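User: I would like a close look at a single part of this structure, with its surroundings described in one connected account.

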Amino acid sequence: MVPASYFAPRDLDEALSLLQSERPVVLAGGTDVFAARGRAPLTDSFLDVTGISGLSGIAHTDDGWRICGATTWFALFQADLPPAFDAPFASARLVGRAQLH
């Protein structure tokens, strides 16, 4: 069995290079991925995108809202979002502890 590899690139070029060479599972933090495996051994390579500049954040533009894929639930809770975003927050409260958000 091959042990798991964990990569945390700091920029997009490094991440793209790792995607080509390692074929990792892409994740943003990985809490759900690791919890879902239970006691099964980790054998995949993982690429955590949370440290890549530009892949997290919230912006309101003339075209609407932009929420990047590596944005944390905590950042969403702190943002001044309109009531249309209330439903995702209500469901998120049911799915995990605040530490995981």
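Is A70 buried or exposed, and what is its relative accessible area? Please also place A70 within its surroundings.

Analyst: The model is predicted, and the values below are computed from it. A70 has a relative accessible area of 7%. Because the cut-off for a buried residue is under 20% relative accessible area, A70 counts as buried.

In the chain, A70 sits in the loop that runs between β5 (64–67) and α3 (73–78). When neighbours within four places in sequence are set aside, the residues in contact with A70 are A28, V49, T50, L55 and S56. A further relation concerns G57: 13 residues separate A70 and G57 along the chain, and their C-alpha atoms are 7.6 Å apart.

A70 is also a member of the largest nonpolar core, which has 7 residues. The other members are F7, A15, L18, L47, V49 and I52. V49 thus appears both in this core and among the contacts of A70. Another core member, L18, touches F7, P9, R23, P24 and L47, again without counting residues up to four places away in sequence. In soluble globular proteins, nonpolar side chains tend to be buried together.

Nonpolar residues are also found on the surface, where L12, L16, L19 and V26 form a patch with about 330 Å² of accessible area together. Helix α1 (residues 12–22) makes the largest contribution to this patch, with 3 residues. L12, which belongs to helix α1, counts as partly exposed because its relative accessibility is 47%, whereas A70 is buried at 7%.

Methods
Residues are numbered from 1 along each chain as its sequence is written. This is a predicted model: local features need pLDDT of at least 70, side-chain atom pairs count only at pLDDT 80 or more; totals for chains, interfaces and linings use all residues. Side-chain values use heavy atoms; hydrogens and water are left out. A nonpolar core is a set of buried Ala, Val, Leu, Ile, Met, Phe, Trp, Tyr and Cys residues joined through side-chain atoms within 4.5 Å. Buried means under 20% relative accessible area, exposed over 50%, partly exposed in between (1.4 Å probe, protein chains only). Contact means heavy atoms within 4.5 Å. Patches are made of residues with over 30% relative accessible area and no salt bridge: like charges are joined within 9 Å, nonpolar side chains (Val, Leu, Ile, Met, Phe, Trp, Tyr) within 5 Å. Accessible areas come from the Shrake-Rupley method with a 1.4 Å probe; for residues, only the protein chains shown count as cover. A salt bridge is a side-chain nitrogen of Lys or Arg within 4 Å of a carboxyl oxygen of Asp or Glu. Helices (H or I, at least four residues) and strands (E, at least two) are DSSP runs, numbered from the N terminus.
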